[in-house]
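Reader: I am new to this structure and would like to see how each label is earned. Could we take the terms one at a time, with the cut-offs beside them?

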Amino acid sequence: MGQIALEGMEFFAFHGFYDEEQKIGNKYGIDLIINTDLRRAAESDNLGETVNYEVLYALVLEEMKTPARLLEHLGHRIIDKVYERFPFVQSVKVNVYKFNPPLGGICKWAKVTLEEAR
């Protein structure tokens, strides 16, 4: 078993519960942690035997382009896309950050963490 992680990805996107958030946009962060068997890739040195980082990033980028009201919904969509593209993955964890959420005070980010094993 092994772990592949893309941490600290940042995007400007148009998510949010309030209509104005979906109009003006905000900065978001994503951490994606994948647990899978890395033994075959380690032995073969073949990219086709593992999870391609570029493909993972592209999946996240595509989901970030589609507005969501809730961070929970966005995170769930990302997890579903990872399993759709890489069905051999054993578990996926995603942290979704909204920088400077509109709370009426100082807050660096709001964060939702979702984890799913299949």
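Author: N35 stands opposite S91 in strand 3, where a strand is a DSSP run of E with at least two residues and a helix is a run of H or I with at least four, both numbered from the N terminus. This is a predicted model, in which local features need pLDDT of at least 70 and side-chain atom pairs count only at pLDDT 80 or more, while totals for chains, interfaces and linings use all residues. Residues are numbered from 1 along each chain as its sequence is written, and side-chain values use heavy atoms, with hydrogens and water left out.

Reader: What makes strand 2 and strand 3 count as paired?

Author: Two strands pair if DSSP finds at least two bridges between them. Strand 2 and strand 3 (residues 91-99) have 8 bridges in the antiparallel sense, so the definition of a pair is met. Strand 2 also pairs with strand 1 (residues 2-13), over 10 bridges and again in the antiparallel sense, and there I4 has I34 of strand 2 as its bridge partner.

Reader: Why is N26 called buried?

Author: Buried means under 20% relative accessible area, exposed means over 50%, and partly exposed lies in between, with a 1.4 Å probe and protein chains only. N26 has a relative accessibility of 16%, and therefore counts as buried. N26 belongs to strand 2 (residues 26-36), and because 10 of the 11 residues of strand 2 are buried, that strand is largely enclosed by the rest of the structure.

Reader: How do you know that the side chain of N26 makes a polar contact with F99?

Author: A polar contact is a pair of N or O atoms within 3.5 Å; within protein, one must be able to donate a hydrogen and the other to accept it, and residues adjacent in sequence count only if both atoms are side-chain atoms. The side chain of N26 reaches the backbone oxygen of F99 at 2.7 Å, so the distance satisfies the cut-off of 3.5 Å. Leaving aside residues up to four places away in sequence, N26 touches F11, F12, A13, K98, F99 and N100, a contact being heavy atoms within 4.5 Å.

Reader: Is N100 buried or exposed, and what is notable in its phi?

Author: N100 has a relative accessible area of 58% and is therefore exposed. Its phi is near 50 degrees, a positive value in a residue other than glycine, and N100 is placed in the loop between strand 3 and strand 4.

Reader: Why is D45 called exposed?

Author: The relative accessibility of D45 is 74%, so D45 counts as exposed. D45 sits in the loop between helix 2 (39-44) and helix 3 (53-64), and has a positive phi of about 60 degrees although it is not a glycine.

Reader: How many residues in the lining of the largest pocket are nonpolar, polar and charged?

Author: The lining has 10 nonpolar, 2 polar and 4 charged residues, where Ala, Val, Leu, Ile, Met, Phe, Trp, Tyr, Cys and Pro count as nonpolar, Asp, Glu, Lys and Arg as charged, and the others, Gly among them, as polar. Helix 4 (71-85) and strand 4 (109-117) each supply at least two residues of the lining of the largest pocket.

Reader: What is the overall make-up of the chain?

Author: The chain has 4 helices and 4 strands, following the pattern β-α-β-α-α-α-β-β along the sequence.
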